[in-house]
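I opened this notebook to look up how one chain is held together, beginning with its charged pairs and then turning to its nonpolar parts.

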Amino acid sequence: MSFTSGESARESRWGDVYLVAGSRAVSVCGDFLAATTLALVLAEGGHGGLAVSGLMLAASLPLAVLAPITGRVADRVDSRIVLTVAPLVQAVICLVLAFTSHPVAIIGLVALLACGLAFTQPVLGALLPEMVRPADLPKASGLSQTAGNIGMLVAPALAGVLVGQTGARLPLLLDAASYLALVGAALALRTRRTGRTTAKGALVPWRLRDDRTLTVMVAVLAATIAGVSAISVVEVFFIRDTLGASTTVFGLVAASWTAGMLLGNGIFSQVPPRRITVPALLLVVVGSCVPVVVAAAVPGPFWIIPLWVAGGVCNGGINVFIMVIVAGRTPSAARGRAFASLNASVQGAGMIGLLAAGPLVDRFDPRLLVAVVGTFALVTALSGLVVVRREPPSDPVMSTSRPPRDSVAT
């Protein structure tokens with residue numbers, strides 16, 4: 001981990017961190033509120049699993065496909081412009097969605113919403129390290145992740161109540177309002193990233209594969225995410241059919257992983273940055289895989305709750321560690337591309353997991369699938385750990401060729 005003395009000396013802007021965390025909670029809640037609402041609308045309209053799967057793919061595909069573009073935009077364009085224009089467009093799309101009922105139109109509009117997210121995610125990821133000193137980055141990352149997890153917890157229950165009481169229009173209008181909240185936060189932020197280029201006007205050179213250790217980390221994370229996405233489909237049949245859980249118990253089990261993530265955000269945000277390394281991250285990934293493997297042998301659904309909490313705690317640690325590691329191994333002027341590449345890998349792997357899970361559930365016993373997927377993720381994480389420990393640690397790019405800081409206070 002390496003930061004310049006200029007970064008170490010600057011004061012942390014906690015007001016900006018809290019502002020971003022608050023807007024993230026509202027925005028994530030709005031996104032999940034809309035996603036749950038639209039899934040309910042398609043299911044209740046008799047459009048079946050194909051339409052719901054199309055909706056999920058539409059929400060993920062743009063983040064993977066557009067990464068080469070959105071990363072460059074994040075590093076070249078003023079962060080305030082991106083964080084105002086994209087959410088404004090998304091708010092308009094949500095307004096249109098609120099008055100749309102055709103499944104094809106809904107899926108197309110959701111894809112457009114995801115395009116906006118593809119632009120804002122790397123900007124927010126690159127902006128957070130500019131707000132705080134390196135020593136405070138784990139805490140800032142933990143706050144941001146906690147805010148997002150709270151939004152994830154609140155949204156599904158809120159969607160169920162609102163759709164049942166008022167119909168689908170109000171949740172979608174609330175999602176539109178959540179994007180306007182992000183615009184307000186962007187205008188209020190003191191921290192900004194302005195595009196900095198070389199003397200010839202080109203972006204500062206950066207490629208993920210130039211840092212082998214970081215490449216291994218991203219590959220392991222992608223494989224693990226593919227497994228987690230597959231498990232999210234398989235667990236419905238495993239918990240409900242194989243273990244005989246009621247819908248209430250299933251809801252408790254499903255929420256326990258996110259509850260664990262909230263705990264993990266707080267616990268791992270206290271870890272000193274010098275101890276947050278790629279091998280440490282891979283050890284935490286191993287910790288998130290072990291509960292899944294053990295879950296395949298449980299006799300009843302209540303046994304899964306503590307296992308999912310333990311896995312969620314490690315998942316929260318992974319999210320905190322990723323922010324610190326990417327910020328520490330990437331030049332400030334290239335962090336937009338770094339976070340876009342990470343998002344693309346994660347979203348692409350998630351889609352592969354979702355696509356593979358459907359046919360597998362129809363052919364194999366859910367308990368076997370949980371065991372196989374958990375073991376695959378565990379073996380991948382352990383293999384990555386062996387690779388990282390055997391090769392010499394690559395020097396962070398930023399320690400040898402760091403461009404001028406690209407944040408300004410206004």
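**Salt bridges**

I counted the salt bridges first, and the count comes to seven. The model is a predicted one, and I read every value below as computed from it.

I then looked up R337 and D75, whose side chains meet in a salt bridge at 2.7 Å, N to O. R337 belongs to helix α13 (residues 335-363) and D75 to helix α4 (residues 67-76), so this pair ties together parts that are 262 residues apart in sequence. Are the two partners buried or exposed? I noted R337 as buried because its relative accessible area is 9%, under the 20% cut-off, and D75 also counts as buried, at 1% relative accessibility. The pair does not stand alone in my notes, since D75, R193 and R337 are linked in a network of salt bridges.

Next I took D78, which forms a salt bridge with R192, with 2.2 Å between the closest N and O atoms. D78 sits in the loop between α4 and α5, while R192 is in strand β1 (residues 191-193), so parts 114 residues apart in sequence are tied together here. I entered D78 as buried at 13% relative accessibility, and R192 as buried at 17%.

The third pair I looked up was R335 with E130, where the closest N and O atoms are 3.2 Å apart. Which elements does this pair connect? R335 lies in helix α13 and E130 in helix α6, so the salt bridge ties together parts that are 205 residues apart in sequence. R335 counts as buried, at 0% relative accessibility, and E130 is buried as well, with a relative accessible area of 1%.

**Chain as a whole**

I stepped back to the totals for the chain, whose secondary structure comes to 15 helices and two strands. Of its 410 residues, 53% count as buried. Among the contacts with a separation of 6 or more, 88% are accounted for by residues 24 or more positions apart.

**Nonpolar cores**

I reminded myself that in soluble globular proteins nonpolar side chains tend to be buried together. How many residues does the largest nonpolar core have? I found 53 residues in it, and those with the most contacts inside it are M131, M217, L221, L281, F321 and I325. Helix α12 (residues 304-329) supplies the largest share of this core, 11 residues. Apart from this core I noted another, of 24 residues, with L243, W257, A295 and V370 among them.

**Surface**

I closed with the accessible surface of the chain, which comes to about 17100 Å², and 68% of that belongs to carbon and sulfur atoms. On this surface I marked a nonpolar patch formed by L95, F99, L170, L173 and L174, which together have about 430 Å² of accessible area. The largest share of the patch, three residues, comes from helix α8 (residues 169-188). I looked up F99 separately, and F99 lies in the loop between α5 (79-97) and α6 (103-131). F99 counts as exposed because its relative accessible area, 56%, is over the 50% cut-off.

How values were computed. Residues are numbered from 1 along each chain as its sequence is written. This is a predicted model: local features need pLDDT of at least 70, side-chain atom pairs count only at pLDDT 80 or more; totals for chains, interfaces and linings use all residues. Side-chain values use heavy atoms; hydrogens and water are left out. A nonpolar core is a set of buried Ala, Val, Leu, Ile, Met, Phe, Trp, Tyr and Cys residues joined through side-chain atoms within 4.5 Å. Buried means under 20% relative accessible area, exposed over 50%, partly exposed in between (1.4 Å probe, protein chains only). Helices (H or I, at least four residues) and strands (E, at least two) are DSSP runs, numbered from the N terminus. Contact means heavy atoms within 4.5 Å. Accessible areas come from the Shrake-Rupley method with a 1.4 Å probe; for residues, only the protein chains shown count as cover. Patches are made of residues with over 30% relative accessible area and no salt bridge: like charges are joined within 9 Å, nonpolar side chains (Val, Leu, Ile, Met, Phe, Trp, Tyr) within 5 Å. A salt bridge is a side-chain nitrogen of Lys or Arg within 4 Å of a carboxyl oxygen of Asp or Glu.
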